[in-house]
Amino acid sequence: MEVPLHQGFVLAVTITREAIDEFRRFQRDKEVNSQLYSKLTIRGKVQVKSSDIQVGDLIIVEKNQRVPSDMVFLRTSEKAGSCFIRTDQLDGETDWKLKVAVSCTQRLPALGDLFSINAYVYAQKPQLDIHSFEGTFTREDSDPPIHESLSIENTLWAGTVVASGTVIGVVIYTGKETRSVMNTSNPKSKAGLLDLELNQLTKALFLALVALSVVMVTLQGFVGPWYRNLLRFLLLFSYIIPISLRVNLDMGKAAYGWMIMRDESIPGTVVRTSTIPEELGRLVYLLTDKTGTLTQNEMVFKRLHLGTVSYGPDTMDEIQNHVVDSYSQTHSQAGGNTTSSTPPRKAQSSAPKVRKSVSSRVHEAVKAVALCHNVTPVYESRAGAATDAEFAEVDQDFSDENRTYQASSPDEVALVQWTESVGLTLVNRDLTSMQLRTPSGQVLTYCLLQTFPFTSESKRMGVIVRDESTAEITFYMKGADTAMSTIVQYNDWLEEECGNMAREGLRTLVVAKKSLTEEQYQDFESRYNQARLSLHDRALKVAAVVESLEREMELLCLTGVEDQLQAGVRPTLEMLRNAGIKIWMLTGDKLETATCIAKSSHLVSRTQDTHIFRPVTSRGEAHLELNAFRRKHDCALVISGDSLEVCLKYYEHEFMELACQCPAVVCCRCSPTQKARIVSLLRQHTGRRTCAIGDGGNDVSMIQAADCGIGIEGKEGRQASLAADFSITQFRHVGRLLVVHGRSSYKRSAALGQFVMHRGLIISTMQAVFSSVFYFASVPLYQGFLMVGYATVYTMFPVFSLVLDEDVRPDTAMLYPELYKDLTKGRSLSFKTFLVWVLISVYQGGILMYGALVLFESEFVHVVAISFTALILTELLMVALTVRTWHWLMVVAQFLSLGCYVASLAFLNEYFDVAFITTVTFVWKVSAITVVSCLPLYTLKFLRRKLSPPSYSKLTS
């Protein structure tokens with residue numbers, strides 16, 4: 001009867017643990033679904049739960065509230081008719097995106113007028129792509145009907161957060177059709193590789209059990225009711241199947257999880273999936289996100305280069321002096337003062353002219369950086385400010401500590417903050433003008449005539465401004481060096497300096513300008529407006545008109561901005577590479593930036609070449625590019641999402657084969673679904689274990705697709721860390737998590753699993769020997785309680801204490817990550833090691849039983865007593881033999897078990913003859929048998945450690 005009890009316990013432990021995990025997930029979902037939103041109806045505002053929102057509802061979303069479902073943006077409280085939203089949970093970028101309200105509804109005088117018009121929205125069917133949308137807005141009751149085309153900039157996707165103003169939108173997709181849900185894949189329940197391997201061995205043991213029983217019945221000669229005997233043998237030998245394995249491993253996993261959370265070196269680590277700590281010890285591929293995972297996502301302006309002079313962080317004060325100088329001079333001239341250069345300057349008569357030219361060039365460069373961007377300064381309205389709008393404006397104006405900058409990318413903000421630090425401050429901006437404040441406090445107003453936004457194709461952005469005071473019209477432009485090098489006038493330094501900055505890990509931007517006369521501008525404007533109204537090839541025509549301006553521009557400067565790496569990223573990546581883990585970086589960022597970070601974080605080592613995979617669109621191009629890449633050896637691959645898509649479509653197998661040989665791979669401009677797809681392809685093609693690590697909502701699919709997902713609690717919210725199996729606070733903790741905890745969890749579980757199997761096999765061998773000696777009788781050797789006690793009280797603690805075993809100290813494991821490499825081959829638990837344990841079990845079981853039979857005196861009782869005592873001692877000694885590093889709890893466990901056994905002998909007089917047990921003969925016979933069963937193994941182990949020591953022992957000696 002003891003077997004069913006045991007199984008019940010096993011199942012109960014497993015079920016309870018799974019149920020708790022499920023219940024926690026359920027609570028999280030409920031929380032999200034019950035958030036309240038205001039819905040606009042003819043009768044006014046109504047509160048609705050987010051789970052009750054339907055397509056066609058008009059929903060009001062306040063500032064800092066999450067958008068509940070995909071909407072078309074109808075109107076906003078902001079005067080400009082636009083708002084900023086944060087999309088970090090959608091695409092992982094922390095910069096703010098500008099969204100524009102549908103102008104037809106934004107122009108309506110009041111909110112309630114939304115119900116007085118007759119209009120409808122047409123939207124395309126739900127799609128995966130978060131960066132595109134096509135639809136139309138039609139108002140029928142006006143004459144003629146108004147048609148507006150809707151694009152991505154009129155949408156508010158679910159999961160984004162409104163960053164400015166209050167917005168009203170009409171819901172177009174809900175639930176499973178929203179972009180964010182379509183981009184997350186369904187999580188599978190993860191099973192570790194070790195569990196699968198142990199399952200294989202258990203199946204093998206089951207076959208052995210059946211075979212053994214059949215052999216026994218055959219040797220009996222199929223006499224009498226043989227099938228009944230077969231069943232009795234199956235029950236007798238059922239201990240071959242290690243039922244307690246599951247419980248032991250589950251308790252082991254819980255112990256590892258507890259150890260990981262208790263580890264002082266990696267504070268804040270949470271184990272969310274308790275079933276797979278051993279996976280951490282078997283990883284071959286680590287796929288990481290870039291922004292916020294490897295980098296801090298904080299931009300700092302580092303370098304300004306003017307061709308002849310270069311300014312770094314320590315020489316910024318010189319720039320400040322130049323700016324102050326040039327503005328004070330313009331002041332003095334305006335005041336009618338002719339002596340523009342002061343006498344002390346004349347003393348350095350050798351180079352006044354050069355000095356002045358440098359000064360004016362610095363000034364021009366700083367002005368260009370201060371004007372050419374899409375940054376908006378935002379003033380938080382202070383509490384206690386006058387309620388009247390006019391006064392509020394005056395009251396909050398220009399107070400420096402109250403100003404924050406908003407832009408579509410953190411680089412832009414870094415540039416504007418830098419111009420503020422050197423004296424030229426952006427104080428105001430709306431759709432038509434911009435105001436700068438000079439060091440002396442004067443405010444300059446510039447009229448914004450045109451803005452050409454940054455696109456990933458053009459890789460540049462431009463503005464045309466008119467200076468209100470002088471009426472000069474200037475076209476400023478900045479962009480990536482690849483795009484700008486052909487636009488600016490000939491020079492000999494740009495390419496070289498860009499290369500130098502990129503090697504320092506800086507993101508570079510080239511800034512240029514061109515002065516226009518009034519006639520030139522008017523001509524341009526008429527052509528530009530004409531192009532914008534054309535119906536066919538609009539984008540091409542507009543680009544052609546703009547390009548007519550982008551010729552022979554004057555190169556002003558080159559700027560370098562650094563995205564700082566997280567603490568300890570370089571040593572961690574170095575360590576993981578030495579541990580034999582191949583690292584892939586999957587990011588939504590631009591190619592230049594991604595390559596730049598890959599180099600500065602030492603993901604790609606200094607000596608390695610990088611092969612940048614050219615953009616391909618068709619099968620033929622992909623074929624040629626793959627061939628070109630095949631000829632390169634040992635070089636890192638950089639590829640963009642679109643090209644990757646093409647390669648996987650036509651040449652999936654070839655591409656994966658080539659990519660897997662690379663020391664490092666960088667994929668840029670990846671969508672969340674692509675990230676997950678790359679992970680699953682890696683698993684299919686290599687059959688190796690993968691680990692994904694990320695910090696934003698856009699990494700969730702990738703984290704769930706990998707064998708083992710790690711989330712970082714970063715600036716981009718906690719979505720990734722909640723969906724992950726393990727959540728950490730900093731990237732550098734990954735090293736210790738894998739190399740120390742992963743490695744020891746795997747080695748301990750392997751030892752524990754095999755030991756539990758050995759425990760069942762040894763007693764089954766004894767039963768088999770016993771039965772065969774007694775004419776194949778199907779009689780149990782040990783009765784009821786002895787069997788239950790054997791698997792629980794007598795041997796459970798020492799066997800389970802293997803969970804505390806470690807072969808090397810944590811600091812040694814950190815110092816020699818190469819030890820981790822051995823594990824990926826899976827040698828700690830394989831059919832080879834399993835067979836060794838089977839042989840040990842058969843040898844020991846045979847010795848114990850035969851020894852007891854040879855030495856037993858007249859009565860059968862003595863056989864049981866001698867063999868059982870010897871068996872318990874052997875088990876305890878075997879645990880001692882397996883342990884590599886002793887822990888005080890292990891010693892306690894050994895003595896506790898021995899104590900339990902000795903104490904229980906007194907109560908078990910139905911099995912044992914107490915008088916006999918206390919005699920000397922009993923003691924020497926038991927000792928003799930135990931020595932014979934264990935000594936050869938000790939000797940073998942000792943010789944093996946001397947002749948072919950394992951890699952870790954070389955380090956510890």
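These are my notebook entries on a surface patch, a helix and a sheet in a predicted model.

**Entry 1: nonpolar patch**

I looked up which residues make up the nonpolar patch on the surface. F797, W888, L889, V892 and L896 form the patch, and together they have about 490 Å² of accessible area. I then asked which helix gives the most to the nonpolar patch. Helix α31, residues 888–905, does so with four residues. I checked L889, which lies in helix α31. The relative accessible area of L889 is 35%. I recorded L889 as partly exposed because this value falls between the 20% limit for buried and the 50% limit for exposed.

**Entry 2: helix α18**

I turned to helix α18, which spans residues 591–600. Seven of its 10 residues are buried, so I noted the helix as largely enclosed by the rest of the structure. I listed the buried residues of α18 as T593, A594, T595, C596, I597, A598 and S600. I also looked at what follows α18 and found H602, whose phi is positive, near 60°.

**Entry 3: sheet β7-β8-β9**

I traced an open sheet of three strands, in the order β7-β8-β9, with antiparallel pairing. Strands β7 (119–123) and β9 (146–150) stand at the edges. Each has a single partner strand, so one side of each is left without a neighbour in the sheet. From one strand to the next, I noted an average twist of 15°.

I then examined the pairing of β7 with β8. Five bridges join β7 to β8 (residues 135–139), and the two strands run antiparallel. For Y122, I found that the bridge partner in β8 is T136.

Terms used. Residues are numbered from 1 along each chain as its sequence is written. This is a predicted model: local features need pLDDT of at least 70, side-chain atom pairs count only at pLDDT 80 or more; totals for chains, interfaces and linings use all residues. Side-chain values use heavy atoms; hydrogens and water are left out. Patches are made of residues with over 30% relative accessible area and no salt bridge: like charges are joined within 9 Å, nonpolar side chains (Val, Leu, Ile, Met, Phe, Trp, Tyr) within 5 Å. Accessible areas come from the Shrake-Rupley method with a 1.4 Å probe; for residues, only the protein chains shown count as cover. A salt bridge is a side-chain nitrogen of Lys or Arg within 4 Å of a carboxyl oxygen of Asp or Glu. Buried means under 20% relative accessible area, exposed over 50%, partly exposed in between (1.4 Å probe, protein chains only). Two strands pair if DSSP finds at least two bridges between them. Axes are lines fitted to C-alpha atoms, for helices over the stretch in contact, and angles run from 0 to 180 degrees between N-to-C directions.
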